[in-house]
Amino acid sequence: MHELSVTENILEIALRHANNNGGKRIKNLYLVIGQLSTIVDESVQFYWDIISKETIAEGARLHFNRIPAEMLCLDCNQRYNPPAGQLACPSCGGAHVQVTAGDEFQLEAIDIET
């Protein structure tokens, strides 16, 4: 359910950006979402379609760019992409790891029509 508040924030940012730049319509939004993020694309799209109605963002297309998870083993310095549900290092089996990619969530770009 946190996708609703996330989507409301995205809309607020997009509307502010469009207003600050003389935008008449928001056409596209490009979101970067890491594999380890708990954000569900379909939920964001669902809420977007509802909350953007009757705004200059209505009908804007959301583009989702999923970033794969990447870990760094702090024991053996191995970088790896963990299979789903398994975070231990495949080289040494260590669990002392750091996420180096895959936990992102950001609005990367907005296309507006002026």
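**Cysteines.** I began with Cys 92, which counts as partly exposed at a relative accessibility of 41%. Since I am working from a predicted model, I take each value here as computed from that model. I then asked which cysteine sulfur is nearest to that of Cys 92; I found that of Cys 73, 3.6 Å away, and Cys 92 is in no disulfide. Cys 73, for its part, is buried, with a relative accessible area of 0%. Why is there no bond from Cys 73? I noted that its closest cysteine sulfur, the one in Cys 92, lies 3.6 Å off, which is too far for a bond, because a disulfide requires the two sulfur atoms to be within 2.5 Å. I therefore entered zero disulfides for the structure, keeping in mind that a disulfide is a covalent bond between the sulfur atoms of two cysteines.

**Sheet.** Next I looked up the strand order and found an open sheet of three strands, arranged β2-β1-β6, with mixed pairing. I recorded β2 (61-67) and β6 (105-113) as the edge strands, each of them pairing on one side only. From one strand to the next, the twist averages 15°. I then followed β1, residues 25-34, and saw that it pairs with β2 in the parallel sense, over seven bridges. To fix the register for myself, I wrote down that Asn 28 stands opposite Arg 61 in β2. As a reminder on the page, strands of a sheet pair through backbone hydrogen bonds, either parallel or antiparallel.

**Helices on the sheet.** Which strands does helix α1 lie across? I traced α1 over residues 2-20 and found it across β1 and β6, running at about 40° to β6. Helix α2, residues 41-51, also packs on the sheet, where I noted that it touches β1 and β2 and that its direction makes about 160° with that of β2.

**Positive phi.** Last, I checked backbone angles and stopped at Glu 54, a residue other than glycine whose phi is nevertheless positive, near 60°. I placed Glu 54 in the loop between α2 and β2, and asked whether it is buried or exposed; with a relative accessible area of 77%, Glu 54 is exposed. Asn 77 is likewise not a glycine, yet it has a positive phi of about 70°. I located Asn 77 in the loop between β3 (70-73) and β4 (79-80), and at 59% relative accessibility I entered it as exposed.

Conventions:
Residues numbered from 1 in each chain as written. Predicted model: local features only at pLDDT ≥ 70, side-chain atom pairs only at ≥ 80, totals over all residues. Heavy atoms only, no water. Buried < 20%, exposed > 50% of the residue type's maximum accessible area, 1.4 Å probe, protein only. Pairing = 2+ DSSP bridges. Helix = DSSP H or I, 4+ residues; strand = E, 2+ residues; numbered from the N terminus. Axes fitted to C-alpha atoms, helices over the stretch in contact; angles between N-to-C directions. Contact = heavy atoms within 4.5 Å.
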